[in-house]
Amino acid sequence: MTFLFGNKLPFRRKLQVIAKLAAEHSINLASFACLYKFLLASLKVLSRLIPQNDGSGDGGGGASVHSGILRRLIKSVVSMVINGPFSTSLKRTINPSVSTPAGLPQQPYHAFLAGAVGGYIVWGRYSSVNYQLILYLASRILVGCIKLAREKGIRPFSWKKLEFANSYPYGAAVIWGTVMMLFEEYPEVLHPSLRRSMDEIYRFASFGNSSSSVSDVLADNRR
């Protein structure tokens, strides 16, 4: 896209912009992968340790009773965070004494928690690179949830008329119709890089004759 629509940029500057965006993407992916694996390993260890601390050995006496209740409450909260609020109702019973292979979550909730923490820390800083990846994942998650609903027999997603081959043309029509209507009537709600690309294609007399500058391209990366 930089080569297509950054026509006013010198060739060397185009390479620098592309290298900068590629480096940001690669560093973020590597950072997230390392953090995700570290969190999975930590959660696996903690899920084994928590059940061993059953709060036994609390003595009598009012102060001891109150201390025991407080410890049990803290343990319950920590256990809920580590093992998930619905760990007891999971379809697959989790046995803390049985270890999963290295690098894999002890239970599905661990994958969600580690991914959420890693996503907030690594991908939570807004940039065009992070934003594009979040949008990409959001679309893939939406499609995946629809497929899962179809597998589970949830209507209307399980209807034969809504199979991919039948529904795809209608989805493409709705998406392109919507984005073109927004571009024509409310262009300010579209992302600056998308709006700039659409301006190049649909607004200017000849393709690639806009006044895109270095500052414009870099500004899109900060929005």
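**Entry 1. Accessibility and the cysteines**

I take a residue as buried under 20% relative accessible area, as exposed over 50%, and as partly exposed in between. The model I am reading is predicted. I looked up Cys34 first and found a relative accessible area of 56%, so Cys34 is exposed. For Cys145 the value is 45%, and I therefore entered Cys145 as partly exposed. I then searched for disulfides and noted a count of zero.

**Entry 2. Overall fold**

I read the secondary structure next and recorded eight helices and zero strands. Along the sequence I wrote the pattern down as α-α-α-α-α-α-α-α. I asked how much of the protein is buried: of its 223 residues, 22% count as such. I put the accessible surface at about 15,400 Å², with 68% of that area belonging to carbon and sulfur atoms. I also looked up the sequence range of the contacts. Where the residues in contact are at least 6 apart in sequence, 63% of the contacts join residues at least 24 apart.

**Entry 3. Salt bridges**

How many salt bridges does a search of the whole structure find? I noted three.

I began with Glu24 and Arg125, whose closest N and O atoms are 3.0 Å apart. This pair links distant parts of the chain, with the two positions 101 residues apart in the numbering. I placed Glu24 in helix H2 (residues 11-52), and Arg125 in the loop between helix H4 (108-122) and helix H5 (128-151). I checked whether each partner is buried or exposed. Glu24 has a relative accessible area of 12% and is therefore buried, being under 20%. Arg125 stands at 47% and counts as partly exposed.

I turned next to Arg203 and Glu184, where the salt bridge has its closest N and O atoms 2.9 Å apart. I found that this pair, too, links distant parts of the chain, the residues being 19 apart. Arg203 lies in the loop between helix H7 (192-202) and helix H8 (214-222), whereas Glu184 belongs to helix H6 (residues 164-185). I entered Arg203 as partly exposed at 43% relative accessible area. Glu184 is likewise partly exposed, at 42%.

The remaining entry is Lys160 with Glu163, a salt bridge in which I read 3.8 Å between the closest N and O atoms. Lys160 has a relative accessible area of 61%, which is over 50%, so I marked Lys160 as exposed. Glu163 I marked as partly exposed, at 34%.

**Entry 4. A nonpolar surface patch**

I looked for nonpolar side chains grouped on the surface and recorded a patch formed by Leu70, Leu73, Ile74, Val77, Val78 and Val81. Together these residues have about 520 Å² of accessible area. I followed up one member, Val77, and placed it in helix H3 (residues 62-83). Its relative accessible area is 47%, between the two limits, so I classed Val77 as partly exposed.

**Entry 5. His110**

I closed with His110, which I located in helix H4. Is His110 buried or exposed? At 0% relative accessibility it counts as buried, because that value is under 20%. Which residues does His110 touch, leaving aside those up to four places away in sequence? I listed Leu40, Leu43, Lys44, Ser47, Ile82, Asn83 and Pro105. Of these, I noted that Leu40, Leu43, Lys44 and Ser47 fall within the range of helix H2 (residues 11-52).

Notes. Residues are numbered from 1 along each chain as its sequence is written. This is a predicted model: local features need pLDDT of at least 70, side-chain atom pairs count only at pLDDT 80 or more; totals for chains, interfaces and linings use all residues. Side-chain values use heavy atoms; hydrogens and water are left out. Patches are made of residues with over 30% relative accessible area and no salt bridge: like charges are joined within 9 Å, nonpolar side chains (Val, Leu, Ile, Met, Phe, Trp, Tyr) within 5 Å. Accessible areas come from the Shrake-Rupley method with a 1.4 Å probe; for residues, only the protein chains shown count as cover. A salt bridge is a side-chain nitrogen of Lys or Arg within 4 Å of a carboxyl oxygen of Asp or Glu. Helices (H or I, at least four residues) and strands (E, at least two) are DSSP runs, numbered from the N terminus. Buried means under 20% relative accessible area, exposed over 50%, partly exposed in between (1.4 Å probe, protein chains only). A disulfide is a pair of cysteine sulfur atoms within 2.5 Å. Contact means heavy atoms within 4.5 Å.
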